[in-house]
Amino acid sequence: MNSTNHQKTKQVKQHLNTKIEKLEDIITSLKKVLIAFSGGTDSTFLLKFCHDRLSRDRVIAVTASSEIIPKREVEQAKEIAGMIGATHHTIPFYPLQNPHFTENSPLRCYYCKNDLYRLLTKLAKTYGDFLVVEGTNRDDESDFRPGQKAAIEQGIRSPLLEAGFTKDDIRFLSKLDDLPTWDKPDMACLASRFPYGEKITAKKLKRVEKAEEIISGLGAKQVRVRLHDNRTARIEVTEDQIDTLVEGEKRAIIVNELQKLGFIYTAIDLKGYQKGRMNEQLKEGQ
């Protein structure tokens, strides 16, 4: 690291010291935590932070395995928890059994998180007075997140949010800690690929998951395949990757493979990937 970068790193760390100290105070006051662990950037940083400051038997990472989470994400969560050396459990979760979830209203995330946090809270009690925590950060407040309402109602703590951490803060510190998730693309459950009002089924979720695997396999790091009217796949990738996907060979692969999955129409969104894109339809009604 050259002197300029070293000085910049030092300045950023000094700026973060207050947040780090606040997060330490929060974590040590909780004493025993069960972390809702997805294996993403935020929950991985939180798990490492808790693991470094509490004894191993006071930190448990739990990953929910369900139809709305790609299998590869669950496997990666297991690997990351193992790398950190944390106690980790995977539990089955069945959001599709809740009709309020499958009808896919704007409160879909609330119903899902409500069921999940109830399950995790019950599990935490069986381990002996553990408190459930999750990885929401300050930047998440800029988007429509009804799931956070469920967290508040059920007493779930969000230490990163409480300490004022932004996504950039978390990525910066994760890189310093050599965490493999420091630059991991944002991940949202597969249900977020459907416009509100489009009924969610296991079959539709599987189609979207497979479609995203195909496009990721062509080199796209950040991918969303949005399903419209059960016939159209609207592909979102970062702007710098749009041109590479419309080249002859890759375009042909995408069209052919997605047709096999039942998509009649395939489109690439020229606006590019944007977090919370499906919430734009909520603004249309305002």
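Asp229 sits in the loop between β5 (223–228) and β6 (232–237). Let's start there; keep in mind that this is a predicted model.

**Exercise 1.** Work out whether Asp229 is buried or exposed, and say what sign its phi has.

*Solution.* Start with the relative accessible area of Asp229, which is 57%. The cut-off for exposed is over 50%, so Asp229 is exposed. Now check the backbone: phi is positive at Asp229, about 55 degrees, even though this residue is not a glycine.

**Exercise 2.** Find the loop that holds Asp178, then decide whether Asp178 is buried or exposed.

*Solution.* Look between α8 (167–176) and α9 (202–216): that's the loop where Asp178 lies. Next, take its relative accessibility, 66%. Exposed means over 50%, so Asp178 counts as exposed. Its phi is worth a look as well: Asp178 isn't a glycine, yet the angle is positive, about 60 degrees.

**Exercise 3.** Describe how helix α5 and helix α6 meet: how do their axes cross, what is the handedness, and which residues make the contact?

*Solution.* First, locate the helices: α5 covers residues 108–127 and α6 covers residues 146–153. Their axes come within 7 Å and cross at roughly 35 degrees. The crossing of α5 past α6 is right-handed. On the α5 side, the contact is made by Cys109, Tyr110, Lys113, Asn114 and Tyr117. On the α6 side, you'll find Pro146, Gly147, Lys149, Ala150, Ala151 and Glu153. Finally, sort them by class: the contact has six nonpolar, two polar and three charged residues.

Conventions
Residues are numbered from 1 along each chain as its sequence is written. This is a predicted model: local features need pLDDT of at least 70, side-chain atom pairs count only at pLDDT 80 or more; totals for chains, interfaces and linings use all residues. Side-chain values use heavy atoms; hydrogens and water are left out. Axes are lines fitted to C-alpha atoms, for helices over the stretch in contact, and angles run from 0 to 180 degrees between N-to-C directions. Helices (H or I, at least four residues) and strands (E, at least two) are DSSP runs, numbered from the N terminus. A crossing is left-handed if the near helix is turned anticlockwise from the far one by less than a right angle, and right-handed if clockwise. Contact means heavy atoms within 4.5 Å. Ala, Val, Leu, Ile, Met, Phe, Trp, Tyr, Cys and Pro count as nonpolar, Asp, Glu, Lys and Arg as charged, and the others, Gly among them, as polar. Buried means under 20% relative accessible area, exposed over 50%, partly exposed in between (1.4 Å probe, protein chains only).
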